[in-house]
Amino acid sequence: MSNFAASPSSRIIAQGVYETKAMLKNGEQLMLLIAFPLMALVALRYTGILDSWAHAHNVERFDVAVPGVLALCVMSTALSGQGIATGFDRRYGVLRFLSTTPLGRGGLMAGKVLAVVMVMIVQFVIILVTALLLGWSPNITGLFMSIPTLLLGAAAFTSLGLLIAGTVRAEATLAIVNMAWVILAGVGGVLIPSSYLPAFLEWIPNVLPSGALGEALRAELMLTRFELLPHIILLLWTLVVGAIALKKFKWSA
Amino acid sequence: MSVQNQRIARESGRKPALSIDGLIKEFKPSRSFREANPHLLTDRGTVQAVRGISLDVYPGEVVVLLGANGAGKTTTLSCAQGLQPADGGTLQLLGENPWGASPELRAQVGIMLQDGGLPQAIHPIELLKHIAKMYKNPASVDDLVQRLGINEFNGTTIRRLSGGQKQRVALAAALVGNPKVLFLDEPSAGLDPQSRTVVFDIIREQRERGVAIVLTTHLLDDAQRLADYVYIVKRGENVTEGTVAQLLQETNEQAHTVSFTAASAISLQDFPAHLRDSVTLTQDAPGQYSLTGELTPEHLNALTTLFVSQGIMPSSFTLASRTLEDVFLDISGRDIR
C-alpha cells in the first residue's frame, strides 16, 4: 500500500491525459494530426486517384481511401506527434524531471503510449464522421477487425518516434519525422497502394511499417480479410525498433 | 567545536536522510579529450568526474555543497537523485538505493533541477496541478502559487517567463509533493531581492518541518546565510567540511579587516609596538586604509586613540570578518581552471 505516491494507474492516466491535451493544443501538431488527414480524405474522395484500385476490387473509391487515411492518422500521432513532443521534452529536461517524480520512467512511457491511443480515438471519430457525412458506407465487421491492426501500427510507429526522439537533437527529430511523414504519406504505401510502382520496386513500401499498415487496413476494411504478412512485418518493426529504442534512448539532452 | 565533535552532535543517534559514501562516477571522454588529457584517464580509458565524494544530510538541516564549476557537484547530485547509476561507492536515500528507486521513494523526494526541467508550452499552475496528481497527499498548489507569486504571471506559458519566474515555478514543482528530502540546484540564481527573501523563508520553513535539504550554489553569501553544514569539493573529491563558523575559524589567517578613510597620513609606527606584529596596514587608495590581520579589541582601541590624538574624524569605518567566500577561494583556489 502506498502512503506517498498516487496509484500507478492514476499516475499513468494523469500523464496520458496531460500529453493528449498538450498535443491537441499545439497548432502545428493539430495540422499534422487532424487537418492533413482531413484534407487527404476530401482529396481522395473527390479525385480519381484511387479509381483503378476501386474498380479492380469492385468497391467504391471511398472504401480504398478511408483505411489509408486511418493509417495516416496513426503515423501522424505515433511517429510525428509523439516523436516531436518527446524530442522537445528531452531537450528541456522535462523527461529528466518527470522521471524523478513518482511517475518514473516506466510511467512516463506508459503515459505517452496512452496519449497516442487517446489522440488516435479523437482522430478516428473526426475522420469516420466526416467520411460518413461524405457518403461512406462503413464495413462494420472490418472496422472491428482493424482495431488490433491500428494498435499494432501505433506500437510500431511509437517505437520509431521514440527511437528518433531519444537519440538525436530535438531540431533533428523535428526534421526527420516531418520528412519521414511526407515521404511515407506520399510514396510509402499509406494512402496509395504500392502497386502503382513498377513491379520490381513494389516490395519496398510493403516491408515498411507504412505500407504494411496501409495494406492490412485496406484488406480488412475493403474486403473483410485478415492479411497475416503485413501484421508480421508490423510486429517485427515494433520488436526490433522497440528493443533498439530501449537500449539507445537517452533521457537527457 | 572540532569537526569530529560537530559530526557527533549532528549524528547523535539520528539516521541521515541522504548518505553518500565514497561515490565514484566515471564518464567516457571524447577522443579529442583523451588525446589532450592522457594523464586523467583510468586504465579503462574513462575519466573520473567524482573520485570518492562522501556526504551526509540529516533531517531538518540545510547542507550546502560548494565547489567550482566542474568540481563534480551536479554529477554527485544526479546520482543521489537516481538519474544516473554510481560506478562505485554507496548511496542511501531514505534507506534505499536512489538508482531504480520505487515510486514510493521518489514521492518523498523533491527535486529542483538546474535547468528547471519544465515543459515550455504550458501555463505554470496547470503544470503544478498536473505534478500534484502524482502524489497521494500533495501540498496545496494554491498556497504555493500564492506564496511564490506565481499567479502574477500565470497567464504566460513557461516558455515566455523570465529566468527568475521559471526558478520559482521549478521550486514550487519540487515542493508540491511535500518531500522529506529536497534537492535545490542553484535555487536563488536569477531571483530579484523580493523573490530571494521569499525563497529563503520557504527553505527555512522546510528545514523547520524536518526536511533534509541539499543545496548547491555559487552565491556564497546565500550559502553563508542558509547553511547548517557545508561540504567543499574540488576535482571530484571532498576537501573540507563543517559549519560556516568552523570553516571561518579553522582557516583564520586574516580573520578581520578594518577599512577606513582618513584625511591624514597614518602608519603602523603610530601603533604600540606589541600590536604591530600580527597585522598589516595598507593604503589601498589615497586616504583609504585597510588594517588586516588577527585583530583584537586592543587594535580597535589603538586605532581610535590615534584618531583622537591626531584629531581625525574618519569618513568611513568598517569592520568586516572573513566570509565563506574567502574560505572557499582559499580552499578551491583563486585561479580559473
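**Exercise 1.** How many salt bridges does the rule find across the interface of chain A and chain B?

*Solution.* Keep in mind that you're looking at a predicted model.
- Step 1: Search the interface of the two chains, A and B; the rule turns up one salt bridge.
- Step 2: Name the partners. They are A:Lys25 and B:Glu126, and their closest N and O atoms sit 3.2 Å apart.
- Step 3: Check the cut-off. A salt bridge needs the nitrogen within 4 Å of the carboxyl oxygen, so 3.2 Å passes.

**Exercise 2.** Describe the side of chain A that touches chain B.

*Solution.*
- Step 1: Look for the helices. α1 (8–25), α5 (94–100) and α6 (104–133) of chain A each supply at least two residues.
- Step 2: Sort the residues by class: eleven are nonpolar, eight polar and four charged.
- Step 3: Add the area. Chains A and B bury about 2,600 Å² between them, with 58% of it on carbon and sulfur atoms.

**Exercise 3.** Classify two of the aromatic pairs; the rule counts eight over all chains.

*Solution.*
- Step 1: Take A:Phe249 and A:Trp251. Their ring centres are 5.2 Å apart and their planes meet at 65°, so this pair is edge-to-face.
- Step 2: Now B:Phe260 and B:Phe317. Here the centres are 6.4 Å apart and the planes are at 35°, so the pair is tilted.
- Step 3: Place that second pair. B:Phe260 lies in strand β10 and B:Phe317 in strand β13 of chain B, so the pair ties together parts 57 residues apart in sequence.
- Step 4: Check accessibility. B:Phe260 is buried at 1%, while B:Phe317 is partly exposed at 40%.

Terms used. Residues numbered from 1 in each chain as written. Chains lettered and ligands numbered in written order. Predicted model: local features only at pLDDT ≥ 70, side-chain atom pairs only at ≥ 80, totals over all residues. Heavy atoms only, no water. Buried area = accessible area lost by both parts, 1.4 Å probe. Salt bridge = Lys/Arg side-chain N within 4 Å of Asp/Glu carboxyl O. Helix = DSSP H or I, 4+ residues; strand = E, 2+ residues; numbered from the N terminus. Nonpolar A, V, L, I, M, F, W, Y, C, P; charged D, E, K, R; others polar. Phe/Tyr/Trp six-rings, centres within 6.5 Å; stacked < 30°, edge-to-face > 60°. Buried < 20%, exposed > 50% of the residue type's maximum accessible area, 1.4 Å probe, protein only.
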